[in-house]
Each structure stands twice: as structure tokens, then as C-alpha cells.
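Please open the model in your viewer and keep the selection panel at hand. The tour goes from a whole chain to single helices, then to the places where parts meet.

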Amino acid sequence: MSRGGRHVYAALSVLAAGALVLTGCSKGGSDASDNNKQDKENAARQQKSIKFGDAADSTGPAPAVPGAKSGGSIEVLQRDSYAHLDPAQIYVSDEGSLATLLHRGLTGYKTTTADGKGHEVVGDLATDSGTTTDGGKTWKYTLKDGIKFADGTPITSADFRQTFERLFASYINQGPTYIQQWLADTAGADYRKLLPDGPYKGKHLPSTVLETPDAKTVIFHFKTAHADLPYALAMAGYAVVSAKGDTQVKYDKNPVTSGPYKIQSFKSGKSMVLVKNTNWDPKTDPIRHQYVDQFNFTFNQQFETSTKALLADSGADQTGISFNNQVDAGNLSSVLKDPKMKSRTVSGYQPYVGQMNINNSHPAMKDKLVREAIAYALPITPFLRAFGGTDAMEVAGGTISPTVSGYNAAFDPFGKKKNPAGDPVKAKALLKKAGKLNMKLTFGYTNTPEGQQYSTAMAAGLKKAGFNVQRQEIPAETYYDQVSKLDNNYDIFHTAWGADWPSASTVVPPLYDGRVIADGAQNYSQVNDPKVNADIDAANKITDPVKAAAAWEKIDEYLVKDLVSFVPTAYYKQTQIAGSKVGGLVYDDVLGGVDPRRLFVK
Amino acid sequence: MLRFLVRRFLGAIVILFLLSIVTFLLFFGMPRDPGLLMCGKTCNPTSLANIHHVLGLDKPITTQYWIFLKNLVMGSNGFAQGPCPAPCFGYSYHTNDQVWATLIDRLPTTISLTLGGAFFFLLIGLGTGLLAAWKRGTLIDKTATAGAMVLSSMQIYFLGPLALALLVYQTHLFDKPAYNNFTANPVSWFSGLIIPWVVLSTIFAAQYTRMARSAMIEQLQEEHVRTAKAKGMSRRYVFFRYAWRGSLIPIVTIFGIDLGALLGGAIITEYTFSLPGLGNLAVQAVFFSDLPLLLGVMIFSATMILLFNIIVDACYAFIDPRVRLA
């Protein structure tokens, strides 16, 4: 989901790993065919069902959750404290889940089925998901009546002007940058030049870029079409900020919320309490509910700790849940095998897709036969096993996740789904044909317990195919810093990436556009192919979501099958658990976790 | 005594100063850029340069260090997050919280864990050690010695999860470990910390048992103790009046060091029991390359260790009249 989050993810994986070490837990696969089937069905339904809703779809209140009742408190056990509460600084999935209770934007994802699995993009604070008359260059939004911040101030277009203008200020550096770049019609960080000080020194975005003709209308003007705007506006990073209450940097600690809850107290690293926002009107909100009186958060709860506490299901933990902690790998198999425990779990795909990057800048890797040999030889089984088996991972064919439009389940050019152990014989033949038998292959791996485990077995598989594999350990906390350096000496290394919304437009360009290759950037494999670059430009111009999805999938297949620039490894999955008195438990594929908006106390 | 204290405090300040330099240099020696952690998904050199500028990381290291020292002593109004009164360690890169306020906020957890744990491990450790010395050569002595040997080889990351599984999650005999404010609810405070105290004391007590036993046995061999016995004093009187006092010096030394280290942050214990103390904060500072927080935790922890070393040295004079500090 987020680049920043990915760094944090890498760093914190050490903490998670520590928890695993404590119990010495790790396991192979388990009989999870039922779960897998259900996850796939949910994902397929979700990616097919996403549409841009009209005014009727955008009208509140949200359909009642079956069996829901109001009242009570829910205990939320979280591993990581929230570093940011200012919507503009929110990107990572943990804060994204929290933001569903606190912040509202122009658009949002509404669940369309009783089990909370189907979605559509609807108007949240706006009356619909947006209207465009010129194929996506101009988008108009009209604000609903009766929308207010938690302090009682009505939300107007002035607040949205403030929301978007402050994104250009230098202190906002953690959130998404899509809309800023689209407004400035530029790439990278050059968008800041459009309004270097944000709205704080009297300057504003011109009406040719952002128009707010009256208190209820917000119009975006782009120089090029951006059909994905309704998706982008649904990100927490573009939720509304109060113009009156904008305290700039300090807003990150005490934001004026617009969602059904407000922050009663927040002790960073320790605890947080959310209480009902009495100025939130359910009639204006087609997405959220306000069943629970209070959410009490406790931080520093490792995966193993939260799992054991919720499994024990005693005292306050009966109404306990974690928005982001997973069932830890050590307990996952036993939890899913016990029907009683399983009834308290939800599972689904995370946005992340793993890939073994092949460093295309290295001369030895420029030979396609060598890259193909790596692709055929690489065993995926050790990767799955290291992270908890098929309950936690699924073999990937391409880099477009099952939750993203355009996903092709049949795409598997190297037969990994049928034979995840790899094909060393075919790989050896290819390597021999290239005249590179026993060639040196430097494999950079993260020094987490999982990294140690899968890299050893993967190296063994590659050795069988005739590679002279040299494993090089990289500290987990600096892993992404090291592999994102252009001048690194790793021939292959593993990374993971997640879509920001269910379109591959947030996957393919950042990962494979040769024009964005730079130190610290995300084209880890350093792919720079003229056809890919041209196809990315063409796909970005397609305004029909269905046609765009097909175009992105075609590029992905070309990258994997024809260029063999990298080897997809796995789609990340997760299982979460709650106490027995928590109702409304559903897994949201867009959030990549449990949906906090539907929860209630039984 | 005063001269001794002044000399030790001045020495401590020099050590803290050197420590801050070493931490600063080590931080910049790490193959890691804290700016990258904050750079968002579409990180690029311009964004990174902007973050470096906002964090002040684009200044020379010497300038950054000078600013750090100046802010520490004089405070600063130059932070976008708000004023930072002395002692100002700045604001966390990761959370934007004022570091000093964060340290103070986490301190009660660590103090509660340390003092409660210390009470238990001293009580159990010294009690068992003295009993073993008193009953030297008996089954009690052998059991205590063997038990101490076994327990001293245990680690918190083994005993902690075991205690949680058995005493909390399976049998529900104790509350789940948590820190609750003592003044708000003393009962919750006690019940939330009892398991960490027990685990901490189990491991530390073993060390004190062995030390108390050997120090006591050694003292019982001393000439002045044997003289006292020869003069007809009772065994109990000799044991507690002469031998016990003499055996305290090594125990106080180790206790002072342990207490200082624990107050600086019991990293594994706090991590195992999910307690939001200074130890957990140290982990967070390292993982997020959070220099202000890292410096704050390091200096705070070092201050605790140095302070308790000075207190221990001062205590020698009271315990053993032969020691003259000045």
C-alpha cells in the first residue's frame, strides 16, 4: 500500500520476527483449501464489483449491519502506535484503517453486500463519486448538506481548498502525491513548485487548477485525463482538513475529525481512546456506522501477544480485536483448524505482491536465457513455508494482485502455481544454452528469521539449476535502503509492493517505468524497456476502467513472460481474530484487513 | 563526602558528553537514511532533500551536534512542532512528539517495573541466599544452590511467554500484563505488573541467591566473625550483626548496577510483556532511525546507570566504616 509503510514494514518485521523467535514458531502448509476458495471468491467479486457510484449510491445512511446493536466498548490491540493522524500524512495501512473511523473525504468505498465484501466508490462528503464531461480532465464535486467537523463547524469547499493546498507545503511529506502531481501536471516532487508554501503565505492554487466557485462546489482541472480520480480521492491522504483548525505540523497530533469518531486521548506508543463524534450525521454517510460507544487502543501488542489474548477470550479481550495485527504464524494453522476459533476469524488478501527482482543493470543479468533460468529454477515453496504456508501466502503468477482489476488467475508462464518447487532441469538446460553454467549469482536477503529460512532453500534450488549462488545478508532495518540503491551488487533480491487502489496504475508505473529509475526509487529491478514505457503512457490515457485494467495486465504479462525482468513469488494473505463478543466482523479487501466501520459489541 | 560527590558528578557529565558524541557519530555511521523512512511511496531525490532540510539533516554533523547541545541546555523555540524547553532533546522524527515529554511519560512504567521487580528479587534472592548460608551443607542449601543455578540460566524471552501462557492465557490466574497508573488505580497497577515482576525476579533472584550465599559464607570465615563467635556471641547475633553487614558490599554493588540498568530500560522484559516503558522506546528509536529519541533514551539510560553507581559508592561508606570516600 505504501512506500513509506513498506520501509516501516521492513523495519518492524524484525519485531514480528522477534515474536516468532520467542515461540520458535514456523510451520509448513496446512489444509486451507476452503479458506483459499473463499478468499479467491471474495477477491474476484470485489474487483469485478467496483464501480463509480451515482447520487443514489452516495446517499446515507449506510445499510445496517445484520444483528448490529449500539453501545459498548471495543478493545483494539495494535502492534504499532500511530505516527500520524493528519490525513495528509497518512499512507500506511495501519493508519488507513484508523482513518476510516476518523476522517472523511470527497469519495470513499461503500460495501455493497451484507457480508461487506462487495465495494463501489461513492460520494462520501460529496453527493456522488464525481462527474467529468471531458474524459477525466475536469472533475466536479458538490458537497452534501449537513456535513460538519467534530467541532461543529460546517464543512465547505474552503476546507477542501485548504486540504489540497496544504499538500504542497514542505512539512507534508508522508502521504500520497498523486493528486498534487496531477494538478501540477508533473512527476516527482516538482509539484511543490506550484505552491511552495502551501496556503500559509496568502497564495492559492489558481482557479485553472482548483476551483471552488461557491461553498458547495469543488472542481479539479487537470491538463491530462485522470480517470482514477474517484479512487485517489478515496485515499485517507486526501480526507478533509479543517481550514479553521489547521494547525499545520501540530495538526498531526490533534486533527479535527469528520468521521463518526473523534479522539478523546492519544498517548503515542501507549494508548488511544476514540469516542463518538456527536456532530457526525449518519444520513450524510453511506459508508460508516457508529455502533460502538468507544474504542480503546493499546499499542506494543506483538502479533503473538494479541493472538494469544484474543484466543484466550477472557475479560476485556472478549470485546477485543486488532485492526492490523494478524494471527501469528505459530498459531495460524491451529486456529484455522479449530471450527470454534475459526468462527472468530476473518481472512483475505493483503495488497502486497512479492517478487524476486532480477537486477537488470548487471551485465550478467542482461542475458534473457539467464533470467529465464532463474525464473524456472526459483522455488517458491520455501517462501510460502517461511511465512506460514498457504494460509498466509499464495503462489503468484504476475504482479497484479487478485484484489486489483485486471488480475488474470490463469497467467502462470513459468508453471509456478502447478510446480512451486521450481524446475531445475529446464533451468539448467537454459543456463547451459547460455553457456553460463556455474555462473555466480549474488542473492541479497533480509536477515529476518523468514528471510534466513527462505533464502537458504531458494539458493539450494538455484544451485541445482547450475548457479553458483552467493547469499548476502542485509539487515532488515536497512533492507529497502540497500536494494533501492542503483549501484548495489545484488543480482537477485526479494521485494513486495501493494496497490494504492484496485487498479494496476498504482503498481506498474512505479515499479517498471524506466524513466523513474533513481536511487531510493521503486523500480528495483531497474527495468528500462521502450515498449513498457510507451505502453505505460498509453494505459495511463485510457479512461475506461475495464479497458485500462486489460492494458495494465497486458504490460504485466509482457514484463513477466517476455522480458523476464523479475519473478513473481506470492500474494500476501492474512487472518485476523476477534473476541467472542465482537460483531460485524468482515475482511475488507480494499483496506486489506478487518473493517472497523461495521463493528459492534454483541 | 561533598568533594567526592562533586567529583563523581563532574565525571558523569564528561561521560554523558562523550556518550552523546559517540551516539551522534554512530547514528551517522549507520548505512541508513532516516529521511527515507519518511519519504513516502513515490520517494525521489527532491523529496528526500526536502525531508533532510525539514529535519535539519542537511547541515554538517558538527553544526547539528552544536544545535543539539544548545537546545539541550537552553531549550528552543525553533521547532515547527512547538516550543521545546530545556532539557530539549528535540522532537521525534517518527512521531513528532517532544522527546523529553515522551521519556517522562514512559518513566513511570519503567520505574514501576524496576522497583517492583527489585523488591521481589531482593526479597527472594537475599532470603534464599542467607538461608542457604545459614543451612550450609544441608538439603536446603543444596536445593537453593541448584535451583539458583537452573534459574540463572533462564532467559526472560523464555520464561516470559511461558508464564503468560500458563498463568494468564490458560489458567486465567493473573491479569494480562499492562501498565496502569498507580495513582488512578493501585489495584490495576499491581495486578497488571505482577507477572513481569515475578518473571524478572525469578531470573534476577537466582543471581542474588548465589551471591548472598557465597558472600555470607566468606564473611563467616573472617577473623572478626570467628572472634565474635569465640567470645560467646550467639550464632544469630554474629550472623546478622557482623557477617550480614560485611556481605552487603558486593550485593549493593551489583544491585546498584542492576537498578540503574533496569531504570534505563528493561528492553526484553518490556518487549515481552508489551509494557510501554523506556526499553520499548529504545527499540522504537533504533528501528525508526530516530536520532532525537535515540539520543534521549541513551543519555537518560546512561544517566540512570551513572547516578546509581554514584549512589552505590556513597553507600559503601555507610555499610563499611573502613571505606572513606574522600
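What radius of gyration does chain A have, and what would a compact globule with 602 residues have? This is a predicted model, and in it chain A has a radius of gyration of 24 Å, which agrees with the value near 25 Å that a compact globule of 602 residues would have.

**Chain A as a whole**

Select chain A and turn it along its principal axes, where its C-alpha atoms fill a box of roughly 70 × 60 × 35 Å. A cartoon view of chain A should let you trace 17 helices and 21 strands. If you colour chain A by burial, buried residues make up 62% of its 602 residues. Among the contacts in chain A with a separation of 6 or more, 77% are between residues 24 or more positions apart.

**Two helices of chain A**

Next select residues 545–563 of chain A, which form helix α17. The end C-alpha atoms of α17(A) are 26 Å apart, which agrees with the 27 Å that its 19 residues should span at 1.5 Å a residue. Show the side chains of its buried residues, including A:W552, A:I555, A:L559 and A:V560. An α-helix has 3.6 residues a turn, so residues three or four places apart point the same way. Around α17(A), add α15 (508–512), α16 (530–540) and β17 (566–577) of chain A, against which the buried residues of this helix pack. Just after α17(A) comes A:V564, whose phi is positive, near 50 degrees.

Now move to residues 157–165 of chain A, helix α4, which is mostly covered, with seven of its nine residues buried. Those buried residues include A:F160 and A:F164, but also A:D159 and A:E165. Their packing partners to display are α5 (178–184), β6 (210–211) and β7 (217–221) of chain A.

**Where chain A meets chain B**

Bring chain B into view and select the contact between the chains, which takes 47 residues from chain A and 40 residues from chain B. On the side of chain A that touches chain B, α1 (3–23) and α7 (303–312) each supply at least two residues, and α1(A) gives the largest share, nine residues. By class, this side of chain A has 17 nonpolar, 19 polar and eleven charged residues.

**The two domains of chain B**

Colour chain B by its domain assignment, which gives domain 1 (2–89) and domain 2 (100–325). The centres of these two domains, taken over C-alpha atoms, are separated by 33 Å. Where they meet, 17 residues of domain 1 of chain B are in contact with 17 residues of domain 2 of chain B. On the domain 1 side, α1 (2–29) and α2 (34–37) of chain B are the elements that give two or more residues, and α1(B) gives the most, with nine residues. The residues of this domain 1 side divide into 13 nonpolar, two polar and two charged.

**The largest nonpolar core**

Which residues have the most contacts inside the largest nonpolar core? They are A:I374 and A:L462, in a core of 245 residues. Helix α8 (residues 186–220) of chain B gives the largest share of this core, 15 residues. Domain 1 (2–89) and domain 2 (100–325) of chain B both give residues to this core, so the core lies between them. To finish, centre the view on A:I374, which, not counting residues up to four places away in sequence, touches A:I358, A:L462, A:I492 and A:V567.

Conventions. Residues are numbered from 1 along each chain as its sequence is written. Chains are lettered from A and ligands numbered from 1 in the order in which they are written. This is a predicted model: local features need pLDDT of at least 70, side-chain atom pairs count only at pLDDT 80 or more; totals for chains, interfaces and linings use all residues. A nonpolar core is a set of buried Ala, Val, Leu, Ile, Met, Phe, Trp, Tyr and Cys residues joined through C-beta atoms within 7 Å. A residue is buried if 20 or more other C-beta atoms lie within 10 Å of its own, exposed if 12 or fewer, and partly exposed in between; C-beta atoms are placed from the backbone. Helices (H or I, at least four residues) and strands (E, at least two) are DSSP runs, numbered from the N terminus. Domain bounds come from an automatic or database domain assignment. Two residues are in contact if their C-beta atoms, placed from the backbone, lie within 7 Å. The radius of gyration is taken over C-alpha atoms; the globule rule is 2.2 Å times the number of residues to the power 0.38. Ala, Val, Leu, Ile, Met, Phe, Trp, Tyr, Cys and Pro count as nonpolar, Asp, Glu, Lys and Arg as charged, and the others, Gly among them, as polar. The expected span of a helix is 1.5 Å times one less than its number of residues.
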